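Biologist: I would like a close look at one part of this model, taken slowly and with its surroundings. Please start from a single side chain and work outwards from there.

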Amino acid sequence: MAVRAIRGYRTVSTEVACALAGTPPWDLEVEVLAEVYRRVADSRAETGFRPPPEDVRDWREAARRATMARWSFRLETPRAGFAAVEALQPVIAE
C-alpha cells in the first residue's frame, strides 16, 4: 500500500516507501494500537469505567514516541534503499 501511495516501483524498499508515504511501518503502528488497547482494557477492568480521553491521548502519544524511536533505530541499519534512507533520516521525525 505504501508503494502505491508514493507511486513507486515494486523495487522500492518497505522502509523507504513508508518514510515517503509519511507513515511508520505497519508492524510498528500495530504495536501502538495494541498498547493503547491493552492500557484501556486494563484501566477498564480495574475501575469498571472507561478511562478519561486525556489519559488515552497521553497513552497514544507515549506509544507513538516509542514507535518513532524504534523506527528511527530500524532506519539506522536498513536492509535496502541505503541512499534513500540516509537522505530521509534528517527529516523523518517531521
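Leaving aside its neighbours within four places in sequence, which residues is glutamate 29 in contact with?

Modeller: Please keep in mind throughout that this is a predicted model. Once the neighbours within four places in sequence are set aside, glutamate 29 is in contact with Pro24 and Arg64. Glutamate 29 itself belongs to helix α3, and because its relative accessible area is 15%, under the 20% cut-off, it is classed as buried. These two partners lead in two directions, one towards the loop that comes before α3 and the other towards a packed helix, and I will take them in turn.

Let me begin with the loop. Proline 24 lies between α2 and α3, and with a relative accessibility of 12% this proline also counts as buried. Not counting residues up to four places away in sequence, proline 24 touches Cys18, Glu29, Thr67, Met68 and Trp71. Of these, Thr67 can also be placed by its backbone: the C-alpha atoms of proline 24 and threonine 67 are 7.9 Å apart, although 43 residues separate the two in sequence. Serine 72, a residue of helix α4, has its C-alpha atom 9.6 Å from that of proline 24, with their positions 48 residues apart along the chain. At a relative accessible area of 31%, serine 72 is partly exposed.

The stretch leading up to this loop is helix α2, residues 14-21, whose buried residues are Glu15, Val16, Ala17, Cys18 and Ala19. Cys18 is thus a buried residue of α2 as well as one of the residues that proline 24 touches. Just after α2 comes glycine 22, which takes a positive phi of about 80°.

The other partner, Arg64, brings in the packing of α3 against α4. Two packed helices are described by the angle between their axes and the distance between the axes. Helix α3 covers residues 26-47 and helix α4 covers residues 53-76; the angle between them is about 150°, and their axes are 9 Å apart. Since an angle over 145 degrees counts as roughly antiparallel, that is how α3 and α4 are described relative to each other. The crossing in which α3 passes α4 is right-handed.

On the α3 side, the residues that meet α4 are Asp27, Leu28, Glu29, Glu31, Val32, Glu35, Val36, Arg39, Val40 and Ser43. On the α4 side they are Val56, Trp59, Arg60, Ala63, Arg64, Thr67, Arg70, Trp71 and Arg74. The residues of this contact divide into eight nonpolar, two polar and nine charged, and glutamate 29 is one of those that α3 brings to the contact.

Several other α3 residues help to trace this contact along the helix. Aspartate 27, also in α3, counts as partly exposed at 40% relative accessibility; its C-alpha atom is 10.0 Å from that of threonine 67, a residue 40 positions away in sequence. Further along α3 is arginine 39, which is partly exposed at 31% relative accessibility. The C-alpha atoms of arginine 39 and arginine 60 are separated by 9.8 Å, and these two residues are 21 apart along the chain. Serine 43, again in helix α3, counts as buried at 18% relative accessibility. Apart from residues up to four places away in sequence, serine 43 touches Gly48, Phe49, Pro51 and Trp59, and Trp59 is among the α4 residues that meet α3.

To set this part in the whole, the protein chain has five helices and zero strands. Of its 94 residues, 28% count as buried. Among contacts in the chain with a separation of 6 or more, 54% join residues 24 or more positions apart.

A word on confidence belongs here as well. The mean pLDDT of the chain is 79, with 69% of its residues reaching 70 or more. Confidence is highest in α3, at a mean of 92, and lowest in helix α1, residues 2-6, at a mean of 57. Where pLDDT is low, the predicted coordinates should not be read in detail.

How values were computed: Residues are numbered from 1 along each chain as its sequence is written. Side-chain values use heavy atoms; hydrogens and water are left out. Axes are lines fitted to C-alpha atoms, for helices over the stretch in contact, and angles run from 0 to 180 degrees between N-to-C directions. Helices (H or I, at least four residues) and strands (E, at least two) are DSSP runs, numbered from the N terminus. Angles under 35 degrees count as roughly parallel, over 145 as roughly antiparallel, 65 to 115 as roughly perpendicular and the rest as oblique. A crossing is left-handed if the near helix is turned anticlockwise from the far one by less than a right angle, and right-handed if clockwise. Contact means heavy atoms within 4.5 Å. Ala, Val, Leu, Ile, Met, Phe, Trp, Tyr, Cys and Pro count as nonpolar, Asp, Glu, Lys and Arg as charged, and the others, Gly among them, as polar. Buried means under 20% relative accessible area, exposed over 50%, partly exposed in between (1.4 Å probe, protein chains only). pLDDT is the predictor's confidence in each residue, from 0 to 100.
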